[in-house]
Amino acid sequence: MYCPPLFAANDPAHCYALMRAHPLAHLVRQDGGALAADAVVLWPDAEAGVLRGHVARVNPLSACDGAGVLAIFSAGDAYVSPGWLPGKAEHGRVVPTWNYRVVHAHGRLRVVDDAAWLRAQMEVLTDAQEGVLGANWRVDDAPADYIAAMLGVVVGIEIAISALEGKDKLSQNRSVAERAGVRQGLAARGEAASAAIAAAMNRIEADQGERS
């Protein structure tokens, strides 16, 4: 991934936190002479250094044991208008851009065909997501025979992470006044994606203030 040093966000704790908050990844692999990608929920285990998930048995991923893969996790993006920058009125030499946050996880895929492994993986993932909602549902809430049938039509996948790359492009290359204009413009849009990017910019400003 092309990443100027100013935008690099490679701290493992940062990368794992982003992946946990946004676990739906695009999983890219070689498929013959072409590239293929699937949207797959992958739950990170920082202690083990792996991503775990499951896919349908009929998914071609289930036959990719040992393949090198790239999982791309996105934490959102937002358009940045030149109209938010002081330079628009001062000299006009401004252009649009995009702010975003992303993590690339490289590794090798292992296919796991084991019902106990699968159930444990599903329970960890479900408990993490349902915990945010007040624990409305657990795997044990469904009939045992139904869960057994569901487990029978999927296989597990585990990716041993060999490299993590994080990139937070959040106007760090702009002046204080420009960053303030971008945050104000994003907040004024009144929609969740722009608000999330503005909040991430605020966190960077706060971190820089603490270090100064």
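**Salt bridges and strand pairing**

Student: What relative accessible area does Arg57 have?

Tutor: Arg57 comes out at 36%, so it is partly exposed. The cut-offs are under 20% relative accessible area for buried, over 50% for exposed, and partly exposed in between (1.4 Å probe, protein chains only).

Student: Any ground rules?

Tutor: This is a predicted model, where local features need pLDDT of at least 70 and side-chain atom pairs count only at pLDDT 80 or more, while totals for chains, interfaces and linings use all residues. Residues are numbered from 1 along each chain as its sequence is written, and side-chain values use heavy atoms, with hydrogens and water left out.

Student: OK. Which side chain meets Arg57 in a salt bridge?

Tutor: That of Asp113, at 2.7 Å, N to O. A salt bridge is a side-chain nitrogen of Lys or Arg within 4 Å of a carboxyl oxygen of Asp or Glu.

Student: Why does that pair tie together distant parts of the sequence?

Tutor: Arg57 sits in the loop between β4 (50-56) and β5 (68-80), and Asp113 in the loop between β6 (97-112) and α3 (115-133), so the linked parts are 56 residues apart in sequence. Helices (H or I, at least four residues) and strands (E, at least two) are DSSP runs, numbered from the N terminus. Asp113 is exposed, with a relative accessible area of 54%.

Student: How about Arg101 and Asp168, buried or exposed?

Tutor: Both are buried. Their side chains form a salt bridge at 3.5 Å, N to O. Arg101 is in strand β6 and Asp168 in strand β7 (residues 154-169), so this pair ties parts 67 residues apart in sequence.

Student: How many salt bridges in total?

Tutor: The count is 13. Another of them joins Asp127 and Arg138 at 3.4 Å, N to O. Asp127 is in helix α3 and Arg138 in the loop between α3 and α4 (144-152), so the parts tied are 11 residues apart in sequence.

Student: Which residues form a network?

Tutor: Asp45, Arg52, Arg110 and Glu158, through salt bridges that share partners.

Student: New topic: strands. How do β1 and β2 run?

Tutor: Antiparallel, with 8 bridges joining β1 (residues 24-31) to β2 (residues 34-41). Strands pair if DSSP finds at least two bridges between them. Asp31 has Ala34 in β2 as its bridge partner.

Student: And what is in the turn?

Tutor: The hairpin has 2 residues between its strands, and Gly32 in the turn has a positive phi of about 70°.

Student: How many bridges link β1 and β5?

Tutor: 5, in the antiparallel sense. Leu27 stands opposite Ala71 in β5.
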